[in-house]
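Hi,

Here is the structure I promised to pass on. Have a look at it first, and then read my notes underneath.

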Amino acid sequence: MDNLTKEQRRKNMQHIKCKNTSIEICLRKALWNAGIRYRKNVNKLPGKPDIVITKYNLAIFCDSEFWHGKDWNITKNKIKSNTSYWYNKIESNIARDKKITEELEKAGWIVLRFWGEDIIYHLEACIEKIKQIILQKS
């Protein structure tokens, strides 16, 4: 059972951001400081990637662990309320992410997906991975 009323839950869900999240901003600032220029939230691409480096056909997604189902087989056991809703929601997010990745790769894009904790705790490694792809494409 949910601890919040329907109205409280609705208000909480309305405040969840889908762009310009803290992990996106962190990665974008690091890319900018590294001299890598990008576009953000490009509507014309499937899935509206968080960061796009058009010169190298590179689409980057910054995925939060909960919403995109990191270690889903372990994490789903921690959900105690409204389980059927959350299972369906997160599993459909996982399936959508997979479909979007396949569509972009089929169209000739390189797709990178970084987990939020990787961006927060291993930012330099994320930047290095992006730089390596840019070097390979140059």
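Below is what I found in it, going from the whole chain down to single residues.

One thing to keep in mind from the start: this is a predicted model.

**The whole protein**

The protein has 7 helices and 4 strands. Read from the N terminus, the elements come in the order α-α-β-β-β-α-α-α-β-α-α. If you draw a box along the principal axes, the C-alpha atoms fill roughly 55 × 30 × 30 Å. Of the 138 residues, 35% are buried. I also looked at contacts between residues at least 6 apart in sequence: 55% of them join residues at least 24 apart.

**The sheet**

The 4 strands form an open sheet in the order E1-E2-E3-E4, and the pairing is mixed. At the edges you'll find strand E1 (39-40) and strand E4 (110-115), each of which pairs on one side only. Strand E2 (residues 51-53) runs antiparallel to strand E3 (residues 58-63), and the two are paired over 3 bridges. If you want a spot to zoom in on, Ile51 stands opposite Ile60 in E3.

Two helices lie across this sheet. Helix H5 (residues 83-106) lies across E3 and E4, at about 150° to E4. H7 lies across E2, E3 and E4, and its angle to E4 is about 175°.

**Where two helices meet**

H7 turns up again in a helix pair. The axes of helix H2 (residues 22-33) and helix H7 (residues 123-137) come within 10 Å of each other and cross at roughly 60°. At that angle, H2 counts as oblique to H7. The crossing of H2 and H7 is right-handed. On the H2 side, the contact is made by Cys26, Leu27, Ala30 and Leu31, and on the H7 side by Leu123, Cys126, Ile127 and Ile130. What kinds of residues make up the contact of H2 with H7? There are 8 nonpolar ones, no polar ones and no charged ones.

**A buried leucine**

Now for a single residue worth clicking on: Leu104, which sits in helix H5. Leu104 counts as buried because its relative accessibility is 0%. Leaving aside residues up to four places away in sequence, Leu104 touches Leu45, Pro46, Pro49, Ala59, Phe61, Trp109 and Val111. For a sense of distance, try picking Leu104 and Lys76 together: they are 28 residues apart in sequence, and their C-alpha atoms are 28 Å apart in space.

**Two residues with positive phi**

Finally, a couple of backbone details in the loops. Asn41 is not a glycine, yet it has a positive phi of about 50°. You'll find Asn41 in the loop between E1 and E2. Is Asn41 buried or exposed? With a relative accessibility of 12%, Asn41 counts as buried.

Asp71 is the other residue to look at here. Its phi is near 50°, again a positive value in a residue other than glycine. Asp71 lies in the loop between helix H3 (65-68) and helix H4 (72-75).

That's the tour. Send me your questions once you've had a look around.

Cheers

Notes
Residues are numbered from 1 along each chain as its sequence is written. This is a predicted model: local features need pLDDT of at least 70, side-chain atom pairs count only at pLDDT 80 or more; totals for chains, interfaces and linings use all residues. Side-chain values use heavy atoms; hydrogens and water are left out. Axes are lines fitted to C-alpha atoms, for helices over the stretch in contact, and angles run from 0 to 180 degrees between N-to-C directions. Angles under 35 degrees count as roughly parallel, over 145 as roughly antiparallel, 65 to 115 as roughly perpendicular and the rest as oblique. A crossing is left-handed if the near helix is turned anticlockwise from the far one by less than a right angle, and right-handed if clockwise. Contact means heavy atoms within 4.5 Å. Ala, Val, Leu, Ile, Met, Phe, Trp, Tyr, Cys and Pro count as nonpolar, Asp, Glu, Lys and Arg as charged, and the others, Gly among them, as polar. Two strands pair if DSSP finds at least two bridges between them. Buried means under 20% relative accessible area, exposed over 50%, partly exposed in between (1.4 Å probe, protein chains only).
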